[in-house]
Amino acid sequence: MQVLVDRHETKTVPALCALAQSSQADVRRGAIKALGALASAHEIPPMIALLLSAQTSAERNAVERALISVIGRHPDAESTAFVKGLAQANKQVKPNLLTIL
């Protein structure tokens, strides 16, 4: 997946979103990292959904870093998705969302 990032293949973002939900942890990690480099503000809501469904703290932290990267490139991104995410988040996810905000 690194080659997609190196080539700045933003057209692959929908496929990366799907791969970020893979049953294989290494595939999820690679896709999440690539999303951090390639995703636009449009992908923030699905990335928040990934954060809400993350099973481990390592995965939550990876999605958090990816979201911070996306927001860094798109500082005017709509915050509504984060507010909705906070309302749905459990106690393990809320610190990640608050860090991003």
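Is H8 buried or exposed? In this predicted model, H8 has a relative accessibility of 52% and, because the cut-off for exposed is over 50%, H8 counts as exposed. The residue sits in the loop between α1 and α2. Its backbone stands out too: phi of H8 is near 50°, a positive value in a residue other than glycine. For context, most residues other than glycine have a negative phi. Leaving aside residues up to four places away in sequence, H8 touches A37 and L38. Of these contacts, L38 is listed among the buried residues of α3. As for I68, 60 residues from H8 in sequence, the two C-alpha atoms lie 18 Å apart.

Stepping back to the whole chain, the protein has seven helices and zero strands, so the order from the N terminus simply reads α-α-α-α-α-α-α. The radius of gyration is 12 Å, close to the 13 Å that the globule rule gives for 101 residues, so the protein is as compact as a globular protein of that length. Along the principal axes, the C-alpha atoms fill a box of roughly 35 × 30 × 15 Å. Buried residues account for 40% of the 101 residues. As for how the chain comes together, take the contacts between residues at least 6 apart in sequence: 62% of them join residues at least 24 apart.

Two of the helices deserve a closer look, starting with α3. This helix covers residues 25-38, 14 residues in total, and reaches 20 Å from its first C-alpha to its last, close to the 20 Å expected at 1.5 Å a residue. Its buried residues are V27, R28, A31, I32, A34, L35, G36 and L38. What covers them includes α1 (2-6), α2 (13-19), α4 (44-53) and α5 (57-73). In general, an α-helix has 3.6 residues a turn, so residues three or four places apart point the same way.

Helix α5 also matches its expected span: at 1.5 Å a residue its 17 residues should span 24 Å, and its end C-alpha atoms are 25 Å apart, which agrees. Here the buried set is E59, R60, A62, V63, E64, A66, L67 and V70. These residues pack against α3, α4, α6 (80-88) and α7 (94-100).

Helices α3 and α5 turn up again at the largest pocket, where they are the elements that give two or more residues to the lining. The pocket holds about 210 Å³ of space. Its lining consists of A25, R28, R29, I32, K33, G36, T56, A58, E59, A62, R65 and A66. Helix α3 provides the largest share, six residues. By type, the lining divides into five nonpolar, two polar and five charged residues. Some lining residues are also on the buried lists: R28, I32 and G36 are among those buried in α3, while E59, A62 and A66 are among those buried in α5.

T56 is another member of the lining, and its place is in the loop between α4 and α5. At 39% relative accessibility, T56 counts as partly exposed. A fellow lining residue, R28, is 28 residues from T56 along the chain, and their C-alpha atoms are separated by 12 Å.

Definitions and conventions:
Residues are numbered from 1 along each chain as its sequence is written. This is a predicted model: local features need pLDDT of at least 70, side-chain atom pairs count only at pLDDT 80 or more; totals for chains, interfaces and linings use all residues. Side-chain values use heavy atoms; hydrogens and water are left out. Helices (H or I, at least four residues) and strands (E, at least two) are DSSP runs, numbered from the N terminus. The expected span of a helix is 1.5 Å times one less than its number of residues. Buried means under 20% relative accessible area, exposed over 50%, partly exposed in between (1.4 Å probe, protein chains only). Contact means heavy atoms within 4.5 Å. On a 1 Å grid over the protein atoms alone, a cavity is a set of points where a 1.4 Å probe fits but cannot get out, and a pocket is an open set with protein on both sides within 12 Å along at least five of seven lines; lining residues have an atom within 4 Å of a point. Grid points are joined across faces, edges and corners, and a volume is the space filled by probe spheres set on the points. Ala, Val, Leu, Ile, Met, Phe, Trp, Tyr, Cys and Pro count as nonpolar, Asp, Glu, Lys and Arg as charged, and the others, Gly among them, as polar. The radius of gyration is taken over C-alpha atoms; the globule rule is 2.2 Å times the number of residues to the power 0.38.
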